[in-house]
Amino acid sequence: DGGVGDSRILGGSIDVKTSFSTQGKEDKRFENADESIFELGRPSSTAKNEEKIVSASVENTGEEKLENGDIDRCSFRRYPPHRYYDLSAPLPEQPSFLSDALYIRGEFPIILNPPQNDRGEVQSDSGHHSSPIKVCADTSEWEDVSDTKRWPFTDGHNPSLMSLAVHPTLLGSNSEELNLSGAGRVRLNPERVAPIADLYGGQSELERMYIGLTVMGNGQCNWKMSKDQIDEYNFSTLQQAPDKRSLLVIFDHNLKKMDQTTIFLEQDAKFGKRRGAINAKPKANGSGFERTVVELDDPRLFFHKGDLWVLFRNGPKFGYEDQLQNRLHFESINRADGSKGFAAYIKASETVQVCCGRNMALISEEPLPQ
């Protein structure tokens, strides 16, 4: 949903016709209507006169509109040209955060779209890869989305995705040796995610599902867009995010979104070390502690001792140099419409502060006690 490397990826997952424009000594153009234009890790199509290519633009017409003219919010956005990195330009003309960094340049992007069989199911040995599909977040809980001709303020950014399998390395494996080697390496205690499993038929179904996390913040604001461009590209007219929060998303085995929930902070201790810190807040009836929406910036999911944890930053409350770690808790809830759901929260008392750095990722290999 944005520019990477020498390429632009636009558009949705329906009736996609992908167009390549190449610039070199001679201007060449070719088209490919195959939706699986990029296979896992490498392009599946090659350009004519490939030796003449200096830079490439990958573009499609995927912004979908419904019959009544409303935006299909599950399709991909379009952006004005200045929102893309033109890595074919001379280095001094690049933004400083690119020109001052030691990046590898000039490579096509790798699209991690899942392999599918003819029934549209994920199958690793199928030899066919699906088109990229957008994770369609519902922002109506905290944003006025009544203007159906415009996009919501954001679709989310900085995603993190993990399998909910207890033994992820054993999925689909019939190898006795592999099964024995992984017998003591249970990374996720099923009891910790029981409120989620109960919604989808138990742990056996959860084994093939995924959990994701994304930030709903200023990631797709109308940066340097004129009023005419905001209207042309159907962007929100808001100048700042209506709220900043982290969204937890559940996916089925085909990576189709099943549910979402906001991560809350349980205020059972002081949270923060700066002026913006918040104190513990017991409920008035003494039955526990209040919960509030919390900003988890640059979040990463990881497992530790059978629990699912999140690594993140919260600059206003802890500063911008330290990383924070918290265990995720889940509970079953009854929604206002009478349906069953689950809630997710972290506890202020369990916050672990790590100095220093940002955008770190952790993984635990410590097995559960047998």
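Is Arg187 buried or exposed, judged by its relative accessibility? At 18% relative accessibility, Arg187 counts as buried, because buried means under 20% relative accessible area. The legends below describe this residue and several other parts of a predicted model.

**View 1. Arg187 lies in a loop between two helices.** The loop that holds Arg187 runs between α2 (176–181) and α3 (194–197). From this place the side chain of Arg187 reaches the backbone oxygen of Ser163, at 2.5 Å. The residue that makes this contact is itself counted as buried, at 18% relative accessibility.

**View 2. The whole protein, as a setting for the close-ups, has six helices and 18 strands.** Of the 370 residues of the protein, 42% count as buried. The accessible surface comes to about 20,400 Å², and 49% of this surface belongs to carbon and sulfur atoms. Among the contacts in the protein with a separation of 6 or more, 63% are accounted for by residues 24 or more positions apart.

**View 3. A disulfide joins Cys74 to Cys136.** The count of disulfides comes to one, and in this link the distance from S to S is 2.0 Å. The pair links distant parts of the chain, with 62 residues from one cysteine to the other: Cys74 is in the loop between β7 (55–59) and α1 (96–99), while Cys136 is in the loop between α1 and β8 (157–163). The angle about the S-S bond is -105°, and the link of Cys74 and Cys136 is left-handed. Cys74 is partly exposed, with a relative accessible area of 42%, whereas Cys136 counts as buried at 19% relative accessibility.

**View 4. Strand β11 (residues 257–266) is largely enclosed by the rest of the structure.** Seven of the 10 residues of β11 are buried, and the strand is therefore described as largely enclosed. Strand β10 (residues 245–251) pairs with β11 in the antiparallel sense over five bridges, and within this pairing Phe251 stands opposite Lys257 in β11. The hairpin of β10 and β11 has five residues between the strands, and here Leu255 takes a positive phi near 60°.

**View 5. β11 also pairs with strand β17 (residues 340–347) and with strand β12 (residues 291–293).** The pairing of β11 with β17 is parallel and runs over four bridges, with Leu265 standing opposite Ile346 in β17. The pairing of β11 with β12 is antiparallel and runs over three bridges, with Phe264 standing opposite Val293 in β12.

**View 6. Four strands form an open sheet in the order β13-β14-β15-β18.** The pairing in this sheet is antiparallel. Strands β13 (297–304) and β18 (352–355) stand at the edges and have a single partner strand each, so one side of each is left without a neighbour in the sheet. On average, and with direction ignored, neighbouring strands of this sheet are turned by 25° against each other. Strand β15 (residues 322–327) is joined to β18 by four bridges, and the two run antiparallel; in the neighbouring strands of this view, Gln325 stands opposite Val352 in β18.

Technical notes:
Residues are numbered from 1 along each chain as its sequence is written. This is a predicted model: local features need pLDDT of at least 70, side-chain atom pairs count only at pLDDT 80 or more; totals for chains, interfaces and linings use all residues. Side-chain values use heavy atoms; hydrogens and water are left out. Two strands pair if DSSP finds at least two bridges between them. Axes are lines fitted to C-alpha atoms, for helices over the stretch in contact, and angles run from 0 to 180 degrees between N-to-C directions. Buried means under 20% relative accessible area, exposed over 50%, partly exposed in between (1.4 Å probe, protein chains only). A polar contact is a pair of N or O atoms within 3.5 Å; within protein, one must be able to donate a hydrogen and the other to accept it, and residues adjacent in sequence count only if both atoms are side-chain atoms. Contact means heavy atoms within 4.5 Å. Accessible areas come from the Shrake-Rupley method with a 1.4 Å probe; for residues, only the protein chains shown count as cover. A disulfide is a pair of cysteine sulfur atoms within 2.5 Å.
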